[in-house]
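Reader: I have a chain to look through before planning bench work. Please show it, and then I will ask about its side chains.

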Amino acid sequence: MRVLLKLTLDCDANAAWRAIRSPAVLREVVAPWLDFESLEGTGFPATWPEGPHRLRALAFGIAPTGEEIIDVSYPGGLPPGVKMLRDGGGAVSGPLAAFRHWDHRMAISPLPDGRTLYRDQLRASAGALEPLLWYPTWAFWQYRGMRLKQLAPTWAYDPPGTADADRAASAAEAGSAA
């Protein structure tokens, strides 16, 4: 099965890139239908480093529905300006373990108007259950897309005192002095 999203997000590409690498944003995007809790001793990282990360899926934020592995990689060899996060993990137990293969890729690229082109592709297989799982998976991906569009404007804000805000202010001052 293949599920695709192609969205324009109202934030710059750097903000979108920070967001899709954030476990906190993952949890926001899937709420309230799902939540995740880290099964790693150190909890969730601020951003996903490459490698496997063990999680427990929680339906409606409370009911354990199995364990999952998010296996993060950052593929190279992409066109200039394009960044990608790939999750090649999948469910280890619970209902989502019906998916025997899971390959989820999210790509970010800047648009000329300062917004972001977000492309999302899920390739998954569930054998004989695939016809039954396609529509719920597609519907959930549409919900994720709606949540990404809702949240994206909040990602563009770099509070005063942060390195990004200070860099932007310095660049603006340099531009006005020229």
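Author: The questions and answers below go through the rings, the nonpolar core, the salt bridges and the backbone of this predicted model.

Reader: How many aromatic pairs does a search of the whole structure find?

Author: The search covers the whole structure and is not limited to one region. Among the pairs is one formed by Trp-33 and Phe-60. The total number of aromatic pairs is 10.

Reader: What is the geometry of the pair formed by Trp-33 and Phe-60?

Author: The two ring centres are 5.8 Å apart, and rings count as a pair if their centres lie within 6.5 Å. The planes are at 65° to each other, and an angle over 60 degrees is the cut-off for the class in question. The pair of Trp-33 and Phe-60 is therefore edge-to-face.

Reader: How many residues apart are Trp-33 and Phe-60, and where are they?

Author: Trp-33 lies in the loop between helix H2 (23–30) and strand E2 (34–38). Phe-60 lies in the loop between strand E3 (51–59) and strand E4 (63–73). The pair thus links distant parts of the chain, with a separation of 27 residues.

Reader: Is Phe-60 buried or exposed?

Author: Its ring partner Trp-33 has a relative accessible area of 44% and is partly exposed. For Phe-60 the relative accessible area is 56%. The cut-off for the upper class is over 50%, so Phe-60 counts as exposed.

Reader: Which residues do ring pairs link into a cluster?

Author: Trp-33 and Phe-60 both belong to the cluster. One of the other members, Trp-141, also has the charged end of Arg-144 over its ring, 4.4 Å from the ring centre. The full cluster is Trp-33, Phe-60, Phe-99, Trp-102, Phe-140, Trp-141 and Tyr-143.

Reader: Which residues touch the most other members of the largest nonpolar core?

Author: In soluble globular proteins, nonpolar side chains tend to be buried together. Here the largest nonpolar core has 36 residues. Its largest share, six residues, comes from helix H1 (residues 13–20). The members that touch the most others are Leu-9, Tyr-118 and Trp-155.

Reader: Which residues does Leu-148 contact, leaving aside its neighbours within four places in sequence?

Author: Leu-148 is part of helix H3 (residues 130–155) and is buried, at 3% relative accessibility. Trp-155, in turn, touches residues including Leu-9, Cys-11, Val-25 and Leu-148. With its sequence neighbours set aside, Leu-148 is in contact with Leu-7, Leu-9, Val-29, Tyr-118 and Trp-155.

Reader: What distance separates the C-alpha atoms of Leu-148 and Val-25?

Author: Along the chain, Leu-148 and Val-25 are 123 residues apart. In space, the distance between their C-alpha atoms is 9.0 Å.

Reader: Which side chain meets Arg-56 in a salt bridge?

Author: Side chains of opposite charge can pair when their charged atoms come close. Arg-56, in strand E3, has its partner 19 residues away in strand E2. Arg-56 is partly exposed, with a relative accessible area of 26%, and the N to O distance in the bridge is 2.4 Å. The partner is Glu-37.

Reader: Is Asp-103 buried or exposed?

Author: The side chain of Asp-103 meets that of Arg-86 in a salt bridge of 2.9 Å, N to O. Arg-86 is partly exposed at 25% relative accessibility. Asp-103 has a relative accessible area of 9%; the cut-off is under 20%, so Asp-103 is buried.

Reader: Which residues do salt bridges that share partners join into one network?

Author: The structure holds seven salt bridges. In one of them, Arg-115 meets Asp-113 at 2.8 Å, N to O. Arg-115 is partly exposed at 33% relative accessible area, and Asp-113 is partly exposed at 48%. The network consists of Asp-10, Asp-113 and Arg-115.

Reader: Is the peptide bond from Ala-31 to Pro-32 cis or trans?

Author: Most residues other than glycine have a negative phi, and most peptide bonds are trans. Pro-32 is placed in the loop between H2 and E2. The bond from Ala-31 to Pro-32 has an omega near 0°, and is cis.

Reader: What is the phi of Phe-60?

Author: Phe-60 sits in the loop between E3 and E4. Although Phe-60 is not a glycine, its phi is positive, at about 55°.

Terms used. Residues are numbered from 1 along each chain as its sequence is written. This is a predicted model: local features need pLDDT of at least 70, side-chain atom pairs count only at pLDDT 80 or more; totals for chains, interfaces and linings use all residues. Side-chain values use heavy atoms; hydrogens and water are left out. Rings of Phe, Tyr and Trp (its six-membered ring) pair if their centres lie within 6.5 Å; planes under 30 degrees apart count as stacked, over 60 as edge-to-face and the rest as tilted. Helices (H or I, at least four residues) and strands (E, at least two) are DSSP runs, numbered from the N terminus. Buried means under 20% relative accessible area, exposed over 50%, partly exposed in between (1.4 Å probe, protein chains only). A charge sits over a ring if NZ of Lys or CZ of Arg is within 6 Å of the ring centre and within 35 degrees of the ring normal. A nonpolar core is a set of buried Ala, Val, Leu, Ile, Met, Phe, Trp, Tyr and Cys residues joined through side-chain atoms within 4.5 Å. Contact means heavy atoms within 4.5 Å. A salt bridge is a side-chain nitrogen of Lys or Arg within 4 Å of a carboxyl oxygen of Asp or Glu.
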